[in-house]
Amino acid sequence: MPLDDLDEQIVAHLIRDARASYAEIGTGVGLSAPAVKRRVDRLRGTGVIKGFTARVDPHALGWTTEAHVEVFCAPRTSPAALLSCLERFPEVVRADTVTGKADAVVRLLASDIRHLEAVLERLREEPVVLSTRSTVVLNRLLERPGDH
């Protein structure tokens, strides 16, 4: 469904603050609160907005060990099947299908190396996963807004 300028502005407001009231969003985009609600309801109904979630600082959970994990899948594993597998791991904070030898690259957070090892063991037990190759992050040199 194509979005008009107002829809795009509303979505941008919700991305910045999903808890903003319809009145707050309306003030920002020049609409009444009921008009914003109707548009948000339509955007949810058509699947443009898939839901609302809380973004939690992994460090607040004590998850300060980070790894990038290349995932190698069984032949003919669909991205949907891999996604279904990875969604069961709260430690996986990002997953991308990629070109090259690996099928996907996963960003994983854990409390320590022991926790990381346990997650990797559980991940390798998944039927769609043939093997993994991990790189532990020592220090983040650069992080720009939008990188998560």
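Two strands are taken to pair if DSSP finds at least two bridges between them. In this predicted model, that criterion places V71 opposite A104 in β3. The pairing to which this position belongs is antiparallel, with β1 and β3 joined over 7 bridges.

The wider sheet can be read outward from there. It is an open sheet of 4 strands in the order β2-β3-β1-β4, and the pairing is antiparallel. Strands β2 (92-97) and β4 (129-136) stand at the edges with a single partner strand each, so one side of each is left without a neighbour in the sheet. From one strand to the next, the twist averages 25 degrees. Strands of a sheet pair through backbone hydrogen bonds, in either a parallel or an antiparallel arrangement.

On the other side of β3 (residues 104-110), 5 bridges join this strand to β2, again with the two running antiparallel. T97 of β2 stands opposite A104 in β3, and V92 stands opposite L108 in β3. A104 therefore has T97 opposite it as well as V71, in keeping with the order in which β3 is placed between β2 and β1. The connection between β2 and β3 is a hairpin with 6 residues between the strands, and G100 in its turn has a positive phi of about 105 degrees. Strand β3 is mostly covered, since 6 of its 7 residues are buried.

Two helices accompany the sheet. Helix α4 (residues 79-86) lies across β1 (65-73), β2, β3 and β4, and runs at about 170 degrees to β2. Helix α5 (residues 113-124) lies across β1, β3 and β4, and its direction is at about 160 degrees to β4.

The cysteines deserve separate consideration. What is the number of disulfides in the structure? The structure holds 0 disulfides. C73 takes part in none, and the nearest cysteine sulfur, that of C85, is 7.7 Å away. A disulfide would require the two sulfur atoms to be within 2.5 Å, so the separation of 7.7 Å between C85 and C73 is too far for a bond. Both residues are nevertheless shielded: C73 is buried with a relative accessible area of 11%, and C85 is buried at 2% relative accessibility.

Away from the sheet, helix α2 (residues 22-29) has the buried residues I25, G26 and V29. These cover an arc of only 100 degrees around the axis, which puts them on the same side of α2. The general geometry of an α-helix accounts for such a pattern, because there are 3.6 residues a turn and residues three or four places apart point the same way. The buried residues of α2 pack against α1 (5-16) and α3 (33-45). After α2 comes G30, whose phi is positive, near 80 degrees.

Charged side chains supply further links, and the count comes to 11 salt bridges. Which residue forms a salt bridge with R39? The partner is D4, with the closest N and O atoms 3.0 Å apart. Because R39 lies in helix α3 and D4 in the segment before α1, the pair ties together parts that are 35 residues apart in sequence. R39 is buried, with a relative accessible area of 18%, whereas D4 is partly exposed at 33%.

A further contact involves D7 and R42, which form a salt bridge with the closest N and O atoms 3.0 Å apart. D7 belongs to helix α1 and R42 to helix α3, so this pair also ties together parts that are 35 residues apart in sequence. D7 counts as buried at 2% relative accessibility, while R42 is partly exposed at 33%.

Elsewhere, E126 forms a salt bridge with R88, where the closest N and O atoms are 2.4 Å apart. E126 lies in the loop between α5 and β4 and R88 in the loop between α4 and β2, so the pair ties together parts that are 38 residues apart in sequence. E126 is buried, with a relative accessible area of 15%, and R88 is partly exposed at 48%. Finally, salt bridges that share partners join D4, D7, R39 and R42 into one network.

Technical notes:
Residues are numbered from 1 along each chain as its sequence is written. This is a predicted model: local features need pLDDT of at least 70, side-chain atom pairs count only at pLDDT 80 or more; totals for chains, interfaces and linings use all residues. Side-chain values use heavy atoms; hydrogens and water are left out. Axes are lines fitted to C-alpha atoms, for helices over the stretch in contact, and angles run from 0 to 180 degrees between N-to-C directions. Contact means heavy atoms within 4.5 Å. Buried means under 20% relative accessible area, exposed over 50%, partly exposed in between (1.4 Å probe, protein chains only). The arc is that of the directions from the helix axis to the C-beta atoms. A salt bridge is a side-chain nitrogen of Lys or Arg within 4 Å of a carboxyl oxygen of Asp or Glu.
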